Amino acid sequence: MTRIPRHMGIIPDGNRRWALEKGLAKEDGYSHGISPGMELFYTCRDLGVKELTFYGFTVDNTKRPSAQRLAFSQACVKAVEALSREDADLLVLGNTKSLMFPQELLPYTSRQTFGAGGIKVNFLVNYSFEWDLGYGKGTFGPDLKSADVSRVDLIIRWGGRRRLSGFLPIQSVYADIYVVDEYWPDFTPQHVQNAISWYSAQDITLGG
């Protein structure tokens, strides 16, 4: 590997499809995504990645049935709590004014250093680009709510879908996107190794 991305975006998709293939209810897939998230965190930290952004759930995701909403909300709470026991600078970003935002995560909505600190970890919860940009009634707000999040170099999406689904549109403007066909609960560190090897071979010009 000749180039490690400074900031990686993670879209952990495919939890529901994974659950159905295992003969489970759709909502049962989300809890199986917590352990892969921690394994990815350790892998990226050891590789020297400086910043990670996880896509937890979006405002649009909250339109799903209540059992699924509860399941992915609980999974996000458990994931953030697990990350808070590591050496990390942690921030949760999302629309806290909505009833869909987990109250347990309110203490994490300003960046905090846990343990010895080090790698920055951003977790998008009840997030939408409209909220981030202050977008409403045809106008944009004066401040970017994700201003503390740096430009993304590489986005990895599991589950085979080839779209960003509203992930950090400003920071992702020049991001390279790598798609893993396997579902998120089937994560292996080799997925990250393959993505970074691919990224290292890309011609990064940032428009120049």
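Helices here are DSSP runs of at least four residues, numbered from the N terminus. Keep that in mind for helix α2. One caution before we go on: this is a predicted model.

So, α2. This helix covers residues 34–47. It has 14 residues and reaches 20 Å from its first C-alpha to its last. That is close to the 20 Å expected at 1.5 Å a residue. Just after α2 comes G48, with a positive phi of about 100°.

Which residues of α2 are buried? I34, P36, G37, M38, L40, F41, T43 and C44. Take two of them in turn.

T43 first. T43 has 12% relative accessibility, so it counts as buried, the cut-off being under 20%. Set aside its neighbours within four places in sequence, and T43 is in contact with P189 and V192. V192 belongs to helix α5, and is itself buried there. Hold on to that link.

Now C44. At 0% relative accessibility, C44 counts as buried. Is C44 bonded or free? C44 is in no disulfide. The nearest cysteine sulfur is that of C76, 18 Å away. Why is C76 in no bond with C44? Because 18 Å between the sulfurs is too far; a disulfide needs them within 2.5 Å. C76 is buried as well, with a relative accessible area of 5%. The count for the structure is zero disulfides.

Back to α5, residues 189–200. Its twelve residues should span 16 Å at 1.5 Å a residue. The end C-alpha atoms are 17 Å apart, which agrees. The buried residues of α5 are H191, V192, A195, I196, Y199 and S200. They cover an arc of only 165° around the axis, so they sit on the same side of α5. The general rule behind this: an α-helix has 3.6 residues a turn, so residues three or four places apart point the same way.

What do the buried residues of α5 pack against? Two of the partners are β1 (7–11) and α2. The others are β6 (154–158) and β7 (176–180).

Next, the empty space. The largest pocket holds about 870 Å³. It is lined by 39 residues. Closest to its centre are P12, D13, Y55, G56 and N61. Which elements give two or more residues to that lining? The helices are α1 (15–21), α2, α3 (66–83) and α4 (129–133). The strands are β2 (51–58) and β5 (119–127). So α2 turns up again: its residues help line the pocket, and the buried residues of α5 pack against it.

Cavities are a shorter story. A search of the whole structure finds one of 30 Å³ or more. The largest cavity holds about 30 Å³. Its lining is R151, D153, Y174, D176, Y199, I204 and L206. Y199 should sound familiar: it is among the buried residues of α5.

Last stop, L93. This residue sits in strand β3, residues 88–93. Buried or exposed? L93 counts as buried, at 6% relative accessibility. Leaving aside its neighbours within four places in sequence, L93 is in contact with F123, L124, V125, Y127 and W131. Its contacts also include K145, S146 and V149.

And one distance to finish. L93 and Y55 are 38 residues apart in sequence, yet 9.9 Å apart in space, C-alpha to C-alpha. Y55, remember, is one of the residues closest to the centre of the largest pocket.

Note on methods:
Residues are numbered from 1 along each chain as its sequence is written. This is a predicted model: local features need pLDDT of at least 70, side-chain atom pairs count only at pLDDT 80 or more; totals for chains, interfaces and linings use all residues. Side-chain values use heavy atoms; hydrogens and water are left out. Buried means under 20% relative accessible area, exposed over 50%, partly exposed in between (1.4 Å probe, protein chains only). The expected span of a helix is 1.5 Å times one less than its number of residues. The arc is that of the directions from the helix axis to the C-beta atoms. Contact means heavy atoms within 4.5 Å. On a 1 Å grid over the protein atoms alone, a cavity is a set of points where a 1.4 Å probe fits but cannot get out, and a pocket is an open set with protein on both sides within 12 Å along at least five of seven lines; lining residues have an atom within 4 Å of a point. Grid points are joined across faces, edges and corners, and a volume is the space filled by probe spheres set on the points.
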